[in-house]
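Visitor: Hello! I am new to this structure, and I would love a close look at one part of it. Could you walk me through a place where two helices meet?

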Amino acid sequence: MALLNFRKCDRATGRPAGQTSGQTADQTGPMADFVRGYSIEVMPKTAAKVADFRALLPAGTRVYIAHLDGTPIEEMVATARRLTEEGFVPMPHFAARSIADRATLADWIARYAGEAGVREGLILAGGIPTPKGEFHSSMQLLETGLFDRAGFVRLHVAGHPEGSRDIDPDGSERNMMEALGWKQAFAARTDAEMAVVTQFAFEAAPVIAWADRVRDRGIDLPIHIGVAGPAKLQTLVKYAIACGVGPSLAVLQRRARDVSKLVLPFTPDGFLNDLAEAARRRADFPIAGAHFFPLGGIATNTRWLAAHGLAPAQDS
C-alpha cells in the first residue's frame with residue numbers, strides 16, 4: 001500500500017515533469033472522482049496573497065477559514081466576505097477556548113452572517129491549552145443555540161483518526177467517541193446539517209479503520225478526511241509535529257532519513273488513490289470526501305488539483 005508519493009516536478013509550475021499547462025491527469029479516474037467536491041483551508045494572511053480565488057478553485061468550493069488565536073475578528077470577517085463575493089462558501093472556525101464569553105460568540109456569529117453572508121461554521125475546541133473564558137469545548141458552543149438563531153444551516157466538527165492526547169490523555173478513543181456520539185444526537189434533534197472533518201493523515205488503512213469504528217458506534221455523520229497538500233517533506237514533518245499527528249509522523253520521519261527524498265516534493269496521490277480504490281470496492285465506505293490542508297501553499301495545492309482536472313488550469 002502506498003503511503004507517500006514523491007514525484008519529479010517542474011519547480012516553477014508544480015506540475016509533473018513534462019506536463020504542460022493545457023494538460024491534466026486523472027480527470028475521471030477513481031481518485032479524481034473521490035476528491036471532486038473537496039474543501040480547502042486558508043488563513044486571512046494567506047488569503048490576502050491570492051489575487052483572485054476564482055483563478056484557483058472551482059466555483060462554489062467550501063473554503064474553511066482557520067482562526068488562529070490572536071487573529072482579529074475583522075480580518076476573519078473580511079476574508080469571509082471576499083470569499084462570498086467571489087462565489088465560494090466560507091466556513092470560518094469557531095474555537096471555543098479562544099472565545100471569551102457568550103456575548104463575544106454572539107457578536108462574531110452576527111458579524112459573519114450580517115457582513116459576509118456566512119451560514120456555515122467549523123465548531124471545535126481549539127488548540128490553546130487554557131480557555132480564555134467560559135468555553136472549553138465545541139459542545140458548549142453548539143449548546144448556546146446562537147448558530148441556529150443566526151440562520152446557520154451547516155455546522156462541522158473535528159475528528160482525529162490518529163487520536164488526540166488533548167481529548168484522551170490515556171491514548172484511548174473513549175472521550176472522542178463519546179463526543180462524536182453527542183454531536184450525532186445534537187444533529188438529530190436540530191435542523192443543522194453536520195459533518196466531521198478530520199486532522200490530516202498519510203496512511204489510508206488506519207484512517208479507514210477509524211472511520212469504520214465511528215460507524216460501528218452508530219455515528220453516521222459524513223466524514224471528510226483531512227489531506228496534506230503537496231509540500232516539501234521538511235514542511236510536512238514540522239506541521240505534523242505541531243498538529244500532534246501520531247503514526248503518520250513516524251512514516252515521515254522514516255522517509256526523512258533518505259536524503260534523496262528531502263529535495264523531492266510530496267504529493268498526496270498515493271494516500272488518495274488508496275482511499276479511492278477502497279471507496280470503489282465498498283458500497284458502505286465510511287468516508288464521504290476530502291478536505292485539503294495546503295501546507296505547501298495554496299497555489300501549490302491548487303496547481304496539483306488542476307493537474308488532476310480538479311481546479312482551473314493555471315499557467316504559473
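Guide: Here is a walk through one helix pair, after a few words on the model. This is a predicted model, in which local features need pLDDT of at least 70 and side-chain atom pairs count only at pLDDT 80 or more, while totals for chains, interfaces and linings use all residues. Residues are numbered from 1 along each chain as its sequence is written, and side-chain values use heavy atoms, leaving out hydrogens and water.

The chain has 13 helices and 11 strands; these are DSSP runs numbered from the N terminus, with helices (H or I) of at least four residues and strands (E) of at least two. Our pair is helix H3, residues 73-85, and helix H4, residues 102-116. Their axes lie 9 Å apart and pack at an angle of about 30 degrees; axes are lines fitted to C-alpha atoms over the stretch in contact, and angles run from 0 to 180 degrees between N-to-C directions. H3 and H4 are therefore roughly parallel to each other, a label for angles under 35 degrees.

Which residues make the contact? From H3 come Ile73, Glu74, Met76, Val77, Ala80, Arg81 and Thr84, and H4 brings Trp108, Arg111, Tyr112, Glu115 and Ala116. Contact here means heavy atoms within 4.5 Å. Sorted by class, the contact has 7 nonpolar, 1 polar and 4 charged residues; Ala, Val, Leu, Ile, Met, Phe, Trp, Tyr, Cys and Pro count as nonpolar, Asp, Glu, Lys and Arg as charged, and the others, Gly among them, as polar.

How values were computed:
Angles under 35 degrees count as roughly parallel, over 145 as roughly antiparallel, 65 to 115 as roughly perpendicular and the rest as oblique.
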